[in-house]
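Student: I would like a close look at one part of this model, and I would like its surroundings described as well. Please take the parts in a connected order and say what each term stands for.

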Amino acid sequence: LTDYEGAFWVLCDLVDRNLLPVTTELLGCAANLATKRGRKVWAILLGSGVGHIVPILWKYGADTVLLLDDPALDGFHDEIHADLVVRMVKRYRPEILLTGATAVGRALAPRIAIALNCGLTADCTGLDIDPESGALLQTRPAFGGSLMATIRSDRAFPQMATVRPGVMKALSPRPGASGTVVRESAETTMALAESKRLEERVPGSEGANNFGNASFIVAGGRGMKGAAGFRLLSEFASMLGGVVGASRAAVDAGWAPFGMQIGQTGRTVQPRIYLACGISGQIQHMVGMQSSDRIIAINRDPDAPIMKMADLAIVGDAFEIIPEMMRQMRQTRNGISGLFTERNDNSSNADEKRGT
Ligand SMILES: Cc1cc2nc3c(=O)[nH]c(=O)nc-3n(C[C@H](O)[C@H](O)[C@H](O)COP(=O)(O)OP(=O)(O)OC[C@H]3O[C@@H](n4cnc5c(N)ncnc54)[C@H](O)[C@@H]3O)c2cc1C
């Protein structure tokens, strides 16, 4: 290997020259994997006027930034961007290439994988590495989410995966961190493009909550019984300064809009506290919220799957427990921290985890 070959690459995802959080999450993941295998992390940054992002990438774990900064790369053009990434991969030969499972990542990754004749695992929820062979172990829901499959595609390189936003954790920023920049010209490939960009429109986000910034998410499921139950959750969420989420059962019943759905076919979230109210915790829901810092579940059924993964499992009727929590919060004026004593253990014993 030369000193640039075999690196772990993260393809940066930008909107209006701003970095999306999924890129820092992927850098954190790539940095952890690279340590196990003694490799470097590269961020590949394409755009026009994007040089200001380089120090951010260093701060979040990139050793090297491969920068293609060119007016021809203004806006997103999948054919041109994919062609450039393919050229860069052939030149620098990374071992792994990760992208977000975002609109941009989902448009680019298949084009790149086909051009390079390598594998691609989409929508991963977990990544690990075999330090000896370098095989990327790519975990994702399979068979409609009824099981989690771990996939290897290490017969052709690079090993490619897309990862949903909110699944991985970004590293804590390293203040003043610096690294290397490798500048490459964009060698304008406009002529390659068979499609033309006429206009760019940001899709409407009706009913969607700003989950990305939320410290608290109060999510409701079928157990909230109807729109009135969701009004209660909404009141509770605003007391906490949080936002409301929903299971698919609640969305299908019309109690909450699709933009609020959390899970495999909805959004992936990782708030400080996820409060699941009347949600059973099927795997398709769990994959969307399992990276939350703390999970509190309120459920009448002590054996519901969510009660086993919750840090605090409250057995009872949500329509009695939530108003009581709100009453106590008003009384103590201490926010949610006034209601619970934090637990520090990582015990997996469900009975130990249950509280009242
Ligand atoms: C391909 C595929 C994709 C899917 N994608 C998603 C997805 O993105 N997100 C998602 O959420 N689901 C998804 N699902 C559906 C998923 O399998 C479950 O059906 C769904 O998550 C169940 O929602 P729920 O927990 O609200 O309902 P239920 O499973 O019916 O659970 C309701 C819970 O409420 C409790 N309860 C009832 N009354 C009360 C009360 N008064 N107080 C407290 N607790 C009470 C019950 O004990 C029960 O545990 C998907 C399924 C498939 C096949």
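Tutor: What follows begins with one sheet and then turns to its surroundings.

This is a predicted model, in which local features need pLDDT of at least 70 and side-chain atom pairs count only at pLDDT 80 or more, whereas totals for chains, interfaces and linings use all residues. Residues are numbered from 1 along each chain as its sequence is written, and side-chain values use heavy atoms, with hydrogens and water left out.

The secondary structure of the protein comes to 10 helices and 18 strands, where helices (H or I, at least four residues) and strands (E, at least two) are DSSP runs numbered from the N terminus. Among these elements, 7 strands form an open sheet with parallel pairing, in the order E7-E11-E6-E1-E4-E5-E12; two strands are taken to pair if DSSP finds at least two bridges between them. Strand E7 (120-124) and strand E12 (180-183) stand at the edges, and each has a single partner strand, so one side of each lacks a neighbour in the sheet. From one strand to the next, the twist averages 20 degrees, with axes fitted as lines to C-alpha atoms (for helices over the stretch in contact) and angles running from 0 to 180 degrees between N-to-C directions.

At the E12 edge, strand E5 (residues 64-69) pairs with E12 in the parallel sense over 4 bridges, and Val-65 has Val-181 of E12 as its bridge partner. Helix H1 (residues 21-37) packs on the sheet and touches strand E1 (8-11), strand E4 (41-47), strand E6 (96-100) and strand E11 (159-163), contact meaning heavy atoms within 4.5 Å. The direction of H1 makes about 175 degrees with that of E1. Helix H3 (residues 78-92) also packs on the sheet, where it touches E1, E4, E5, E6 and E12, and its direction makes about 150 degrees with that of E4.

Two residues within these strands show the packing in more detail. Thr-64, which belongs to strand E5, is buried, with a relative accessible area of 8%; buried means under 20% relative accessible area, exposed over 50%, and partly exposed in between (1.4 Å probe, protein chains only). Neighbours within four places in sequence aside, Thr-64 is in contact with Val-41, Trp-42, Ala-43, Thr-180 and Val-182. Gly-100, placed in strand E6, counts as buried at 2% relative accessibility. Not counting residues up to four places away in sequence, Gly-100 touches Val-22, Leu-26, Gly-105, Arg-106, Thr-162 and Val-163. Gly-100 and Leu-20, for their part, are 80 residues apart in sequence and 9.3 Å apart in space, C-alpha to C-alpha.

Some backbone details around this sheet deserve a separate remark. Most residues other than glycine have a negative phi, and most peptide bonds are trans. Arg-93, in the loop between H3 and E6, has a positive phi of about 45 degrees although it is not a glycine, and this residue is partly exposed, with a relative accessible area of 45%. Asp-123, which lies in strand E7, is likewise not a glycine and has a positive phi of about 60 degrees. The peptide bond from Phe-157 to Pro-158 is cis, with omega near 0 degrees, and Pro-158 sits in the loop between strand E10 (147-151) and E11.

Strand E10 leads to a second open sheet, in which 3 strands take the order E8-E9-E10 with antiparallel pairing. Strand E8 (126-129) and E10 stand at its edges, each with a single partner strand, so one side of each is left without a neighbour in the sheet. Here the twist averages 25 degrees from one strand to the next. Strand E9 (residues 136-142) and E10 run antiparallel and are joined by 5 bridges, with Ala-142 opposite Leu-147 of E10. H1, which packs on the parallel sheet, also lies across E8 and E9, running at about 20 degrees to E8.

For the protein overall, buried residues make up 51% of the 356 residues. Of the contacts with a separation of 6 or more, 64% are between residues 24 or more positions apart.
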